[in-house]
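Work through the exercises below with the sequence and coordinates open. Try each task before reading its solution.

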Amino acid sequence: MTEIFKEMTSKRYRWAVTGAAGFVGSHLVESLLMMDQEVVAMDNFLSGRVKNLEEATSKLTDAQRQRFKFMEGDIRNYDDCLALCKGVDMVLHQAALVSVPRSFDDPLLNNQCNVDGFLNVLLAAKASGVKSLVYASSAAVYGDGGENALKESSLLNPKSPYAVSKMTDELYAQVLSEDLNVVGLRYMNVYGPRQDPGSPYSGVITIWLSRIASGNEPIIYGDGKNTRDFVYVKDVVQANIRAALLGAQGHEVFNIGTGRSVTLLELLDTIRDLYQRKTGTNPPEGDFAPFRKGDVRFSKADISKAKELLGYDPEYSLREGLEKTIEWFISKGAGK
Ligand SMILES: NC(=O)c1ccc[n+]([C@@H]2O[C@H](COP(=O)([O-])OP(=O)(O)OC[C@H]3O[C@@H](n4cnc5c(N)ncnc54)[C@H](O)[C@@H]3O)[C@@H](O)[C@H]2O)c1
């Protein structure tokens with residue numbers, strides 16, 4: 001990040017962030033403001049929280065805080081998107097209904113937020129003449145890719161309404177982005193501070209930490225041999241900024257992960273070990289439950305395209321990222 005930091009502190013852009021009160025969005029807001037950028041942010045608080053924004057802006061100087069504007073708004077409303085994009089250079093679109101199980105429960109809401117909402121943001125960005133639109137896609141578009149690392153050219157095989165919506169966004173972006181830089185980032189499993197510990201739809205790391213902190217067994221769905229490529233949220237921030245600064249025309253997609261995967265059982269071992277070191281307590285071992293509908297078996301990104309074209313270089317090992325996440329978790333008393 002150091003070299004982007006240098007470039008950004010010498011140039012000031014105006015950034016729009018959707019889903020800013022959420023997990024990834026609040027980290028984008030924080031990092032951009034720390035780099036002395038101007039940020040206008042939007043959220044409708046479907047899953048986002050005011051306290052994420054408070055935490056994201058808590059360490060800023062007064063001057064940095066003055067460059068931040070928040071509007072409560074909904075990406076399902078085109079006028080809200082237009083207001084957000086007015087005078088903006090770069091749009092980082094994170095807002096979405098973010099859950100495979102929830103997309104099965106409510107496929108209509110999933111489509112309204114993740115497809116209609118995406119189109120509103122894309123069309124408003126175009127109408128406002130922004131330079132770049134970077135949007136969060138997902139590794140879910142691949143479905144089960146087998147044990148080999150997923151390449152951007154791998155077959156797409158969505159297995160849930162959520163995955164269908166992200167794939168649909170990519171298809172729309174492909175045919176509607178001739179005159180601006182539009183980049184889809186296929187995030188693998190993102191984790192880090194501020195991932196909602198209270199939501200059953202959250203990522204496995206925060207859910208397990210929450211259960212461990214309250215003395216409950218972490219639940220392992222299936223045999224624990226599912227694999228995932230866990231990427232620390234600050235590396236996702238790096239990818240977004242690099243993609244926005246790409247300065248190309250037209251649409252590209254990139255995998256954003258670490259290029260390494262672990263089984264859920266290995267992940268749990270590492271979490272338990274770190275948690276024990278930090279707290280001196282012996283965490284519960286975990287209970288098994290049946291496989292969940294829509295869960296993919298293996299997931300690992302080939303990140304060579306992002307490395308080559310974006311200069312993306314993940315900086316956090318799983319252990320480092322987990323340590324930071326657990327420290328945050330303990331400092332906030334999260335999950336209790
Ligand atoms: N967290 C992950 O592991 C992961 C993996 C792959 C892709 N993604 C994608 O990354 C993006 C960010 O995910 P996150 O983990 O930060 O989720 P999150 O739920 O914390 O954040 C999503 C934010 O979008 C807001 N939002 C939802 N619908 C909205 C609407 N109609 N109008 C305005 N705001 C709305 C929510 O209130 C929330 O603040 C999403 O697009 C998600 O699909 C996340």
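**Exercise 1. Classify F45 and examine its backbone.**

Task: Is F45 buried, partly exposed or exposed?

Solution. Start with the accessibility. F45 has a relative accessibility of 23%. Buried requires under 20%, and exposed requires over 50%. F45 therefore counts as partly exposed. Keep in mind that this model is predicted.

Next, place the residue. F45 sits in the loop between β2 and α3 (50-56). Finally, check the backbone. Its phi is near 65°, a positive value in a residue other than glycine.

**Exercise 2. Repeat the analysis for D36.**

Task: Where does D36 lie, and what is its phi?

Solution. Locate D36 first: the loop between α2 and β2 holds it. Then read the torsion. Phi of D36 is positive, about 65°, although D36 is not a glycine. Last, take the accessibility. The relative accessible area of D36 is 24%, so this residue is partly exposed.

**Exercise 3. Trace the neighbours of β2.**

Task: Which strands pair with β2, and how enclosed is β2?

Solution. Step one is burial. Strand β2 covers residues 38-43, and five of its six residues are buried. The strand is therefore largely enclosed by the rest of the structure.

Step two is the pairing with β1. Strand β1 (residues 14-18) runs parallel to β2, and five bridges join them. To fix the register, note that T18 stands opposite M42 in β2.

Step three is the pairing with β3. Five bridges also join β2 to strand β3 (residues 68-72), again in parallel. Here V39 stands opposite F68 in β3.

Step four is the connection. β1, helix α2 (residues 23-34) and β2 make a β-α-β unit, and this unit is right-handed.

**Exercise 4. Do the same for β6.**

Task: How many residues of β6 are buried, and which way do their side chains point?

Solution. Count first. Strand β6 spans residues 181-187, and seven of the seven are buried. That is why β6 is described as largely enclosed by the rest of the structure.

Now split the strand by direction. N181, V183, L185 and Y187 point one way. V182, G184 and R186 point the other way. Residues on both sides are buried.

Then find the partners. Strand β5 (residues 132-138) pairs with β6 in the parallel sense over seven bridges. S137 stands opposite R186 in β6. Strand β11 (residues 250-256) pairs with β6 too, in the parallel sense and over seven bridges. There Y187 stands opposite I256 in β11.

Close with the crossover. β5, helix α8 (residues 161-175) and β6 form a right-handed β-α-β unit.

**Exercise 5. Describe the ligand's surroundings.**

Task: Which residues come nearest to the ligand, and which elements contribute to its shell?

Solution. Begin with the shell. There are 30 residues around the ligand, and D43, S47, Q94, Y162 and K166 come nearest. By class, the shell residues divide into 15 nonpolar, eleven polar and four charged.

Move on to polar pairs. A polar side-chain atom of D43 lies 2.5 Å from a ligand oxygen atom. For F23, a backbone N or O atom lies 2.8 Å from an oxygen atom of the ligand. For A96, a backbone N or O atom lies 3.5 Å from an oxygen atom of the ligand.

Next, consider area. Taken alone, the ligand exposes 820 Å², and the protein buries 93% of that.

Then assign elements. α2, β5, α8 and β7 (189-191) each give two or more residues to the shell. β5 supplies the largest share, three residues.

**Exercise 6. Compare sequence separation with distance in space.**

Task: What C-alpha distances separate Y232 from P314 and D116 from G321?

Solution. Take Y232 first. This residue belongs to strand β10 (residues 230-232). Its relative accessible area is 4%, so Y232 is buried. Y232 and P314 are 82 residues apart along the chain, and their C-alpha atoms are separated by 8.3 Å.

Now take D116, found in helix α7 (residues 107-127). D116 is partly exposed, at 36% relative accessible area. D116 and G321 are 205 residues apart along the chain, with 34 Å between their C-alpha atoms.

How values were computed:
Residues are numbered from 1 along each chain as its sequence is written. This is a predicted model: local features need pLDDT of at least 70, side-chain atom pairs count only at pLDDT 80 or more; totals for chains, interfaces and linings use all residues. Side-chain values use heavy atoms; hydrogens and water are left out. Buried means under 20% relative accessible area, exposed over 50%, partly exposed in between (1.4 Å probe, protein chains only). Helices (H or I, at least four residues) and strands (E, at least two) are DSSP runs, numbered from the N terminus. Two strands pair if DSSP finds at least two bridges between them. A crossover is right-handed if, with the strands pointing away from the viewer, the path from the first strand over the helix to the second runs clockwise. A residue is near a molecule or strand if one of its heavy atoms lies within 4 Å of it. A polar contact is a pair of N or O atoms within 3.5 Å; within protein, one must be able to donate a hydrogen and the other to accept it, and residues adjacent in sequence count only if both atoms are side-chain atoms. Accessible areas come from the Shrake-Rupley method with a 1.4 Å probe; for residues, only the protein chains shown count as cover. Ala, Val, Leu, Ile, Met, Phe, Trp, Tyr, Cys and Pro count as nonpolar, Asp, Glu, Lys and Arg as charged, and the others, Gly among them, as polar.
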